[in-house]
Each structure stands twice: as structure tokens, then as C-alpha cells.
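Subject: Structure for you to look at

Hello,

Here is the structure I promised to send. Please open it first, then read my notes beside it.

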Amino acid sequence: MRTWRHRRRLTKGIEKENDKDESIESLFQQLNASNDFNVITCQFEKCSLSIGYFSTLIDSEILHRDVLPFLKGLDVISSLPTLLPIEEVILTSDTSIIKDNLLKGYTLIFDVNNLNQFGLVKSDVDKTRQVSLPEVEFSVVGPKESFVESLDTNINLVRKRLPIPEFVVKELTVGKLSKTRVSVLYIQGIANKENVSTVIQRLSDLDFDQITDSSIITQLIQDNQNSPFPQLIDSERPDRIASAIGEGKIAILVDGAPHGLIGPTTIFEFFSAFEDYFLNWLVASFFRLVRFFAVLFSILATPIYVAVLTYHYELIPKDMVATLVTSRSAIPLPPILEALVLELAIELLREAGARLPTKVGQTIGIVGGIVIGTASVEAGLTSNVLLIIVALAALASFTTPVYQMGNTIRLIRFPFLLMAHYMGFLGVAISFCYLLIHLLRLTSLGRPFLEPFYPPRVQDFKDSLIRLPFSLQSKRPIQEQTEDTMRYSASKAKKNVDP
Amino acid sequence: MVKRILQSLLLTLLLTGCMNIDQRILDDIQLSTAAGYEYIEDDTLEITTVFPSFQTDKSIKSETITDSSTLSKEVRDKHSLQSEKPFVSGKVEVTLYEWKTAEKGINNLLDTLQRDPSIGSNVFLVVVDGSPKELLSKQYGNPDNGIYLSNLIEQNIETGLIHKTNLHQFLYKLYAEGIDPALPVIKQEDGQVKLTAVGLFENDKLVGQIEEEQFFIFKILLERKGNKDSYSLKLNEDEEISIYNIGSERKYDIQKPLTNSEIIINVKLKSSILEYQNGTLKNEKITYLEKEIKKLIEQESLEMIQQFQEKGIDPLGIGEEVRTRTRNWDQKKWKELYPDLKITVNVEVNLLEKGVVE
Amino acid sequence: MEEKHKQISPFLVFFLVHSVQMGVGVLGFQRTIMKSAGNDAWMAVIAAGILMNAIIMVMYLLLNKQQKDLIDIHKDLFGKWIGGIFSLIWIIHWLMIGLIALRSYIEIVQVWVFPLINIIMFSIIILSLVYYTVTGGFRVVAGISFLGVVIPFYIFLTFFFPIEYANFRNLLPIWNHSVKELSVATKDMMLGYLGFSTLLMYYPYIKNPKKSQKWAHLGNFLTLGIYLFILIITIAFFSEEQVSKQIWATLSMWKIVELPFVERFEYIGITSWILIILPNVCLSVWAATKGVQKMFNFKPQKVILFTLLILLCSTVAIQGRESIEKLNQYMSILGLFLIFLYVPFLTILSFFITKIRKEKSGNG
């Protein structure tokens, strides 16, 4: 919190400086501080031109091939656009525009004797990654494209899937230092206007210095920033973004971020993988239910074990008592410590695996899983029953298709665990109530987060915990409050209204 | 913001820190699985408690502790005095009552079972022919004695050999007007436990028993709908048959309730033949057998009911049938009427199957 | 009427009415009504339910006419001061409903699960849940009511287990109790249905409130159905004298439930019950705070904190079975008086006064 305030002050300082220097000389003076800023002055037949650029930002081939050879015939700057074989040439006299574009990779061309008009020629180097396979949201069937760091490429990937004029891309610049381009994507006539203006309003109100990724945007614009739950989905799949836009949602793409954001959304959407739409609806529904129960299991399994062993021995069926007691008889730790040690060990493994290169990470997983697991059971530090439960719970938490949600699930297990230790089942029940109320209070862009469960909308269940066949999906979800409610005309479908 | 989070964290820690709930960690408590009661003097009770001791090689040793006192919960404290872990009663599966103790009445001993919320309703109550202390101090199988005995009784209920019984059923019958409880009786013989009889109670006092041979009759008369359980009859010197109950149905026919008019119990018995000792089974023979079996069962039922009437007990719940048929039920009047009532049993036997051979 | 985004769909009234009726009563209502009506007690359950339906109808007559909540109706009919006193009585009534639910639940936890539990700390924890809900506004309160009905519904499936030991002949002979005995039982049963009067406060928060009437009736019928279901199983499962010994007959029935992975369902039942108690307390606290806030124009947060503090103090002050029973008695007297005498009276009065006013304005 404190660092943020500090940063804000810093950016304000820079703003003030910007206001002061208006002349081109002082701009050059400022830019000359960097070694990669070059100014060349050449004497041509008709005038003497200066060319300024950042050598690290421009593609020198463009400069040599498409700019320099044509400058010979130049007499006034204003004829630059007609002379050069490049379509993006800006004529301006505004120093701030010059500065911004120089920093974006434009080449500045001006007449040394006439400082009233400047030409800016787009010559930036395009050094982006090739479109590659999705890694986080991999699917066996379906498209295998994923976003890259270039906003234009990303928009291209989405627009290819929505070749209609109603598809709108609104661009904003966010961030005092990073000047990040942020695009809001939606379809006019489908997306709710209120939602669109909410997003644009929140983005333009943002007062932050550096936006390095879309996840920073999520944290800054979501409804409740102190909630562990992400309230906007992030996806690296252009097909998922495009289909969400088609549903009436609004997508946000950020330059330099290979993940787009979608909202408004519901908690159930975080447990649906995009692959669900490529599978038969029965299979997909089954997988979704499995994932949902995996989450419940992952949150509740260890706390229930701790609660039962610490307080509620009566609950254990008589045939299971012996198994549990013998597995625990040699262990000196109380159940809570035993569980915490194991849970933390799993977290360590995950964290270590995430920080190391893939191949080393895999080894760590195997070494940690097998060696530490068996050793701790043999050493009498943990019981083998708990080891199974914790390992299954960890496995279950990895089934969540959206990475951010998986992290949340792993975090909220710990309060449950502690409460189970303090108050047994009562503690688990209280934590569960707390979680429910929290989810009830959450909203995503002002729309309820627990929908269609609450407010109960039977119609929206068709694509939440289960996925019904496409023939029954003729209406867009009520959640989005779309302007055009029908996806396609199903002759019998009624009007899509909130009951 | 940070301050608020810290405050709330601190608060929850404080709150939960002084919740003051005592822990009962599974491996730090002594789970008693069975308790045997016996009056050694007039009001001094000897209680034997069984608890499993888990060995390192994963086998389970059954151990017992015996103490005597006047209140049963006091005994628990005495138990704890000689134990490394505190005793808890939440996993008690069976309670045993010595024969004489049961004759004295077990109502007082049941109070703690009812009052203690940690004791379930599925606890089995049994009467022991002999000393419960002796019975419990032997080891019968790999699980401890409590679980062994509970499995023994549960298995017999499930296969239909004895009627359904547990703490709840006993209390139901104890408090109900017009039915008396019955409990299984076990006996230890040559290091083995055996279910020998069903003990009959008048209120909470043991007054008699019915033998193993009568279990079948008792069950079909007691349960409105029953099945399983086999029955062997001796028709005459060299004709013996064993039948298996596929489905029995019992119906009461009471014309004028709470008067001394006749009460008719109709039993429909569908069964199959398990074993037959005398020749092949032709159709004519089957009808003959059905008649014979009917005669035998009716006769034995009548004998049994007469025995009940003489003792003035009603384990079959005839009184309950009368009660639910009249608006002016009077328990006293019924008690007076009952011993001299004419009760008839009508049995309809249907031999449906005769196995895979003729 | 409230702003549109704060309003809820009319069919949620079903859950609001039902959830505030369902409380700790379900766990132990059998003893009281079977004391007087025996095996005919199920008639008392139905009779009480139907009477409550009549009252719901009267309430809707009043509310549909006035289109505002009780506090405003009082202000309108009796003026600021006298109306304020009447409103205060209602507010106390609502607070008592919440208090009884909370205190009885804590008692059950004390007797059945943790005998040594620190009541102050435990109440603070539950009340903090209430605070978190109520500060979220009526939408969240309605939400927890909805979830508090839907999620714990699995609990009622476990009541099929006792059927194995049930003897349904116990219901016979029907009608062997006098009308007087039945009416006593009906009166006792009504305590189990109280609480739906919070409708008088949340009426302006319903979209198309007139449409919600059938849902309110249905909600009441669901309560009736659940009470009836549990009572019939209780009558069949226990003998009459046995029930009279059970303070919480419903919980005692759970003792028989045995699943392959869990025995002794009452521990799970009691802890899950917190999700049924929570909407009950939340809704009554919400109604009370809304009332206070409208009357005195205080800040909502402060009113909620103050109300919860009162609840906390009274929860701690009430100790032992007897005082809880006594509180129950007072509460049922007050509740029945308010519902059966005051609500019809207010309805007639409001019709009367509006008519007079109309005539006056017509003449003038």
C-alpha cells in the first residue's frame, strides 16, 4: 500500500516536468540523456533535414529501405506522406506527440530551418513471439492458438473469429510510466451498454504507473479488491475470448499481456474449461461436475479429517476406527500439525516446481512426492491415511481450469483447516458460511458473482455446473443483461427476462 | 486497510484461542466398545469395560477393566484412574447385563445410555447367561470384544435369525403401552460366544426366555412383514423338513377391541424348501406338507402365546394392536383382560419353491 | 418502494418466509405438541399452518393497500410518537425471534457437541457472520435465506433412515383427542411458524410485490410439509412416553442413521444446522435494524452494531434450560398477540382511515 502511494507521487512529479518543457530543444536535451537516441543531420539538395530516432526501437531496415532513399526529393515536410511508401506518417508540431511517438518507435524527420512542422514515420521493429500453443489452457481438441504479447496480433486473432462490423475495439492508454495500450472489445447491440461504460469508466479512472500485464488490470478494476477470488476470468485462448464476446461479455486485451480478461462472469465459469464446448454435452457436464466436486473435496477433505480426529471420534464407523488409530498411533503430532506439515510440504513442492525450469521442476515433483511422502510416513511424522487425503486434495485443486482460481482454492483451505482445529465441524460449518456470504456479496462488474445459483435463474443453469446441448442454448445468459437476448432463433424460445 | 486486516486476524485468533473446547484426539482416548453390568451386592454395581489396544503389528488386543460402584458414570472415573488415556463412551457398541441383574430391572442402568448424547441408538443390549466379566475377558477374534459381539448380533439380525433389537427398540418397547421388550441372550461356552435364547422382559425386568427353536415362530408373529430365516420341523418320526421364509405377512383381526372377544392373528407364510428327508416332492405331497406345517406352526404359536399370557407379558405387541384400534384405550383394563383372552393363530403356508431338484 | 437494483424477485419470498420459520424449533417441537395431542399432533401442525396462511393473506391485504413497510404505515396511521411505540414493540418482537434462534442453537451445541464451549466467544463468531451478511444489504440477506434453504436440504433425506424402525400404526386411532387438546397443541405449534412477520419490513424490496403472495403461501406450506414429515416419522419412530422424554426428538432420531462412511449423523446435522439458523437470525436482525434506522435516521452500520451488541448481551445473560423455555413462552405470547390480534386490527383500521381520508378530501 505504502509503495503504491509513493509511486503515485513519483508519476505526478513527472507529469509536472512534462508540462514545463514545450520546446523541441529541451525535448532533445531530455532524450539525449539516453545513448540509444540518435540525431543525424544531412544536407540535401533542397533542404537540410534532421532525422531523430531511438536505435533500439526502430527497424533500421525500414529506415534504410523505405525512408532514406526517398528523402532526397523532399522540399517541405508536409509532402512527406505522399513521398514515402509507408502509410503511417504523422505531421505535427506538438512536442508531446513527438515525444510519445518517438518512444513508440517512430522516426522523427524535420527541417532544421523550419521548426514548425515535424514528420513522424512509423518504423518500429516488430519483435514479438509467434502465435503458439496454449500452455495454461491446453485442450486436446479444438483450436491451438494462444495470445502473444502484441496487442495488434491479439486483436487480429479475435477479429478473425468475429468478422462483423458490430464488433468494436475501443482503445485506451493506461499507466503513467508504461503508457500501456488497453483495448476493450465488445459487440455493439449485444453487450449491455451499462457494462461497457462500467469497464471503460474503471479503466480510464485507473491511476497507476506501470501496467505490465492484464492480471494487474484485474486486480485494479475488479469489484472487491480484497477478495481472494478473481472476479474477471483471464484466458489465453482467442477462441474463448471471442465466444465470450459473442455471449455479450466484454473482453479486455492489454498490450504486452498474453492473457485477455473477460467479464462480467460468475464463479461457475471459473470451473468450466473451454474444451467443454468441444465435447459432447453429457461428457462435458460430467467433467464439470467432477471439477466442482474436486473443489469441494480439496477445500473440505483435510479440515474434515482434522475435525473428526480432534473432536468427533463418534462419527467414525466401527470398522474404520482400527485403520485410523493404527495409522496414527506412532505419531507424536496432533492432527492439525500433522495436516499443516503435509499441506505446507505440498505447497512447497508446487512453489518449487513453478519457479524452476520445466525439466527440473518435474524431477522435484517426483523426488518430493515419493521420497518425502514415504519417508515422513516411515519416520512416523504423518499418517498414511492423511498423506492420501492431502495428496488427493492437492490433485483436486489442480483440476481448476483457471489458474488464478486454483490458487484461491489452495489459499482458502488454510482458514478452514485452522477453524476445524479450533472448533471441529462447527468451525468448518462457520468457515463455509463465511465463504458463502462472501460469495454472495461479491459482484463482477456489478453483476452477481454466484449467479445462476443466487439470484436463482433456472435458465442460466444450462451453461454453469452442467452444459446442456447447443440446441437448448438459444438464449444468451441473463447474467450479461444483453441487448439482443437470442443467440439464434429457436422458434419456441421465450423472451429472455429476469423472472 | 492493512491495519484492519491485522486487527481482524488478531481478533479471530483471540476468539478461537479461548473457545475452551476440550479436544478428544482419536489416539489419545480410550474407546470403550462394550460394558458389562452385574450387581455384586444389593446396590453395588460391577462394571467391566472393554477397550481395544492397538498393537504395533496392526493386530488388536481386547482388554478389560473392572470396577464397582453405585453410579455407572462414577465407574468411568475409577476406570480412568488406572488407565493411561481418558475413557470415552461414544463408541460403545454393546452393553451386557448379567441374568440376575436383568431380573432386578435395568431401567436405572439405561439412564446414562439415554442421557449421554455421545452414545448412539444402535447400541445392542444383551443378557448374559453367566458372568459378563468372564465373558468379556476372553479374546474371541481379531477385533476387540465389543466389535466382535456387535458383529455377532448384527449378523444374526441381518440374516433374520433374531428380531431387530437395539437400544432404541428396547426403549420404544419399554415406554410403549401394550408391548414388552425382548433381548437376545448370549452365553460363553468353551471360549466361544453363542446366542442361545431371547430373553423376555416385563417392563425392565427379565422374566423368561424363549429357546432357539422358537425364534422362527416368535419372529413371524412379531414382525408385520418379514423374510429370511429358516425353520426345521419334525413332522413325524422319519419326516423332517427345513423351510426358508421368502416372505411372511402378519395381520391382526380384532373384532371388538378391549373386550374379551377373540383376537385372531393371521399369518401368511411364503417359503421355499431347503431340505426334505423323505422321498421326492410331488405336487400332492406339497399340499400335504403345507397342511402339516400349518398345523405345527399354529400349535407351537398357541403354546408360545399361552406361555406369554401366563406370565402376563406381551412381547408380541398384541396390546399395541388393540390400542391402535380403539379410541378409549385403558392400559389397566388391558392388563386385566390379557391373561384370559382367547387368541387364535391362523397360518397359511405356501411352499413356492423346492430348490433345484425335485 | 426501493430502488430497482436493491429489489429481489417475487419468488424469493418463498425462501424468505420459509427460512425465517425454520429454526431450532424443528429439532424439538414434537414434545410440546404431543404432550397435549399425542398421536393426533399432526392435525395441530396442519391447523397451525393453515391459520398462518390466513394471517399471511391479511398481511398482504394490508401491504397491497399501503405499498409501504410497517414503520411507514404506523407513522401514517398513528403519527410519529404513537406509531413509533407500536413500531418499537414489533422491533422487539423481531429481535426476540433472532435471539431465540441463536440462544437455542447455542444451547444445543452446548448439550450435544461441546459442553464447555465459551458462549460469549461462540456468539461473537456467529454474530460476526450476521454482521457480515446484514451489512451486505437486503440482497445478501435474501441470498443467505435462499442458500440456507437449498444447501441444507440434504439433511431432510436422512430422515428416511428412521423409517426402518418406524411403526406407522402409532398414528392410529385418528381423532382420539378432544378438540380442546388439539387447540392447545395448535397454539403451541404456532411458535414454530412465527417470524414470517418480517414480511412487513421487506415488502418494499420485492419486485411486483402483489405477485409474491402465492410464493409466501407456498413457503409457509413448505414449512408445514417439513414439520408434518418430521412429526409423522417421530410418531412412528418413538412411543408416546418416549417422546415426552426427548427434549430434541429430531436429534435423537438422527442417532439411528448409519452410513458406510459415517455414523451418528446428529453431529453433522447440528453443525449443518448453523446454515438454517443463520438466515433466521439475519432476517430478524435486518428487520429490526431497518426499523430502528427508519425511525431514528441513524447510520445503518452503527444501528447494526448496536443491535448485535444487544443480542450478544442477552444471549450471554440467558442461562440454562429453564430461562430459555421462559423466553420461548413470552415470545410466543407476544408473537401470537401481534399476529392474531394486532395485524387484523391494523388492517381494518387502515382500510377505515383511508376511506375516511378519501371522503374528507372528496368533500373538501
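Let's start with chain B. The domain assignment splits chain B into domain 1 (29-215) and domain 2 (223-358). Keep in mind that this is a predicted model.

How far apart are the centres of the two domains of chain B? Taken over C-alpha atoms, the centres of domain 1 and domain 2 of chain B are separated by 31 Å. The two domains do touch: 16 residues of domain 1 of chain B are in contact with 19 residues of domain 2 of chain B.

Look at the domain 1 side of that contact. Two strands of chain B, β9 (192-202) and β10 (205-211), each supply at least two residues to it. β10(B) gives the most, with three residues. What kinds of residue make up this side? On the side of domain 1 of chain B that touches domain 2 of chain B, seven are nonpolar, six are polar and three are charged.

Next, the sheet. Chain B has an open sheet of eight strands, with mixed pairing. Follow the order β4-β3-β2-β6-β7-β8-β9-β10 in chain B. Which strands sit at the edges? They are β4 (60-69) and β10 of chain B, and each pairs on one side only. From one strand to the next, the twist averages 30°.

Now pick out one pair of strands. In chain B, β2 (residues 34-39) and β6 (residues 94-98) pair in the parallel sense, over four bridges. B:Gly36 stands opposite B:Leu96 in β6(B).

Helices pack here too. Helix α2 (residues 72-81) of chain B packs on the sheet and touches β3 (45-54) and β4 of chain B. The direction of α2 makes about 120° with that of β4(B). Helix α6 (residues 145-158) of chain B lies across β2, β3, β4, β6, β7 (124-129), β8 (182-189) and β9 of chain B. It runs at about 65° to β9(B).

Then turn to the other chains. The contact between chains A and C takes 18 residues from chain A and 26 residues from chain C. On the chain A side, 15 are nonpolar, one is polar and two are charged.

Last, the cores. The largest nonpolar core has 283 residues. Those with the most contacts inside it are A:Ala251, A:Cys433, B:Val126, C:Ile277 and C:Cys282. Find A:Cys433. Leaving aside neighbours within four places in sequence, A:Cys433 is in contact with C:Leu129, C:Ile274, C:Leu275 and C:Leu278. A second, separate core has 17 residues, including A:Tyr53, A:Ile58, A:Leu108 and A:Phe110.

Best wishes

Technical notes: Residues numbered from 1 in each chain as written. Chains lettered and ligands numbered in written order. Predicted model: local features only at pLDDT ≥ 70, side-chain atom pairs only at ≥ 80, totals over all residues. Contact = placed C-beta atoms within 7 Å. Nonpolar A, V, L, I, M, F, W, Y, C, P; charged D, E, K, R; others polar. Core = buried A, V, L, I, M, F, W, Y, C linked by C-beta atoms within 7 Å. Buried ≥ 20, exposed ≤ 12 C-beta atoms within 10 Å, placed from the backbone. Domains from an automatic or database assignment. Pairing = 2+ DSSP bridges. Axes fitted to C-alpha atoms, helices over the stretch in contact; angles between N-to-C directions.
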